[in-house]
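Trainee: I am new to this structure and would like to learn how its features get their names. Could we look at it together?

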Amino acid sequence: MIDERKAWTQSMQQPQQFASDNYAGVCPEAWAAMNEANSGHEPAYGGDQWTARASEAFRTLFETPCEVFFAFNGTAANSLALASLCQSYHSVICSESAHVETDECGAPEFFSNGSKLLVAPSSNGKLTPEAIRSIALKRTDIHYPKPRAVTITQPTETGELYTLDEIHAISAECRSLGLKLHMDGARFANACASLGCSPAEMTWKAGVDVLCFGGTKNGMAVGEAVIFFDTKLAEDFDYRCKQAGQLASKMRFLAAPWVAMLESGAWLRHASHANACAQDFAHRVESLPGIKLMFKAQANAVFLTLPSEIAEGLRARGWLFYTFIGGGARFMFAWDSSPERVTALVEDLRALTS
Ligand SMILES: *Cc1c(COP(=O)(O)O)cnc(C)c1O
């Protein structure tokens with residue numbers, strides 16, 4: 001019976017794709033932690049030992065007594081974090097390609113009861129101190145939603161990185177304008193791995209007030225951590241999570257994978273692997289005829305401009321990928337990306353372009 005089931009699932013197994021880092025399954029460390037947490041009874045709603053341990057692991061990782069909360073996904077984490085910085089009449093400055101603007105279905109505005117996103121044009125998805133200043137000071141009258149926060153995505157939606165100097169410059173601008181700084185770190189681990197800096201250096205030491213640290217794209221089944229470095233901002237955040245349907249009653253299963261990921265170093269190892277696959281892929285295809293890298297491949301994403309017949313050819317050969325940003329083809333690499341599948345994709349691109 002069990003063998004039959006196994007044969008069935010194997011026959012259903014799809015080949016590995018690079019359409020999204022969310023296509024990957026759960027990494028062994030996170031899976032084992034879920035299993036380990038699945039013994040006996042534990043207090044519900046975060047009163048369990050795993051939640052305490054995971055929060056402590058974040059405080060150790062970030063070398064500071066931050067406040068930590070767990071949400072099911074990134075949309076909720078970002079939206080609730082931003083809502084906690086704003087009153088309904090406030091506004092949040094972001095890049096025009098920010099996930100909060102393009103991919104969260106208005107959730108930041110919804111959960112903040114109307115705080116408006118003010119969008120800065122940007123060719124590479126990055127905000128600059130100048131762009132922030134010009135939006136923040138564009139209007140100061142009562143008829144305009146009052147700027148209150150800035151959100152940056154690290155790495156950006158197009159796979160580029162803010163340097164530490166750039167984050168420092170942005171936070172200095174925020175401080176001088178009286179704005180709070182939020183970081184969407186759906187792929188925060190990839191940024192740490194690529195820049196080689198400590199999580200503390202990239203966040204509170206650089207002036208970030210609140211971080212959403214993504215677990216899902218890092219190899220967990222589900223779960224993002226919201227980390228307040230300015231702990232005063234965390235006041236009543238637990239109520240906000242509960243009201244938004246984000247308080248897990250069996251919290252230990254959101255928390256235990258974080259314990260394993262952080263304590264074993266898997267969070268950084270998996271991100272480094274994904275980054276290395278992206279860089280290897282970018283390096284091997286960038287000089288193929290008709291193909292161009294749209295952005296620097298600094299984390300685990302590679303965006304290519306492809307002639308449409310090449311894109312169709314790839315699809316005909318069974319490859320899945322998105323073309324939602326600027327018409328380019330996006331390839332994302334994950335903790336489990338296999339060198340053989342990367343090579344298979346490179347070979348198909350080579351065959352189609354020759
Ligand atoms: C994936 C992602 C999120 C979170 O998305 P959910 O689907 O809500 O988990 C947030 N920000 C960025 C930049 C992302 O890529």
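Trainee: Where does the ligand sit?

Mentor: Keep in mind that this is a predicted model. The ligand sits in the largest pocket; that wording applies because more than half of its atoms lie within 2 Å of the pocket's grid points.

Trainee: Which residues surround the ligand?

Mentor: Among them are N73, G74, T75, N78, R187 and K217. Helix α4 (residues 74–85) gives the largest share of this shell, 3 residues. By type, the shell divides into 1 nonpolar, 6 polar and 5 charged residues.

Trainee: What makes the pair of K217 and the ligand a polar contact?

Mentor: A polar side-chain atom of K217 lies 2.6 Å from an oxygen atom of the ligand. The cut-off for a pair of N or O atoms is 3.5 Å, so this pair counts. R187 qualifies too, with a side-chain N or O atom 3.1 Å from a ligand oxygen, and so does G74, through a polar backbone atom at 2.9 Å. As for cover, the protein hides 82% of the 390 Å² of accessible area that the ligand has on its own.

Trainee: Why is the pair E56 and R59 called a salt bridge?

Mentor: Their closest N and O atoms are 3.2 Å apart. The limit is 4 Å between a side-chain nitrogen of Lys or Arg and a carboxyl oxygen of Asp or Glu, so the name fits. E56 and R59 are separated by about one helical turn, because they are 3 residues apart in helix α3 (residues 49–62).

Trainee: How many salt bridges does the whole structure have?

Mentor: A search finds 12.

Note on methods:
Residues numbered from 1 in each chain as written. Predicted model: local features only at pLDDT ≥ 70, side-chain atom pairs only at ≥ 80, totals over all residues. Heavy atoms only, no water. Near = heavy atom within 4 Å. Polar contact = N/O pair within 3.5 Å; in protein donor to acceptor, adjacent residues only side chain to side chain. Areas by Shrake-Rupley, 256 points an atom, 1.4 Å probe, with all protein chains shown as cover. 1 Å grid on protein atoms, 1.4 Å probe; cavity = no way out; pocket = protein on both sides within 12 Å on 5 of 7 lines; lining within 4 Å. Helix = DSSP H or I, 4+ residues; strand = E, 2+ residues; numbered from the N terminus. Nonpolar A, V, L, I, M, F, W, Y, C, P; charged D, E, K, R; others polar.
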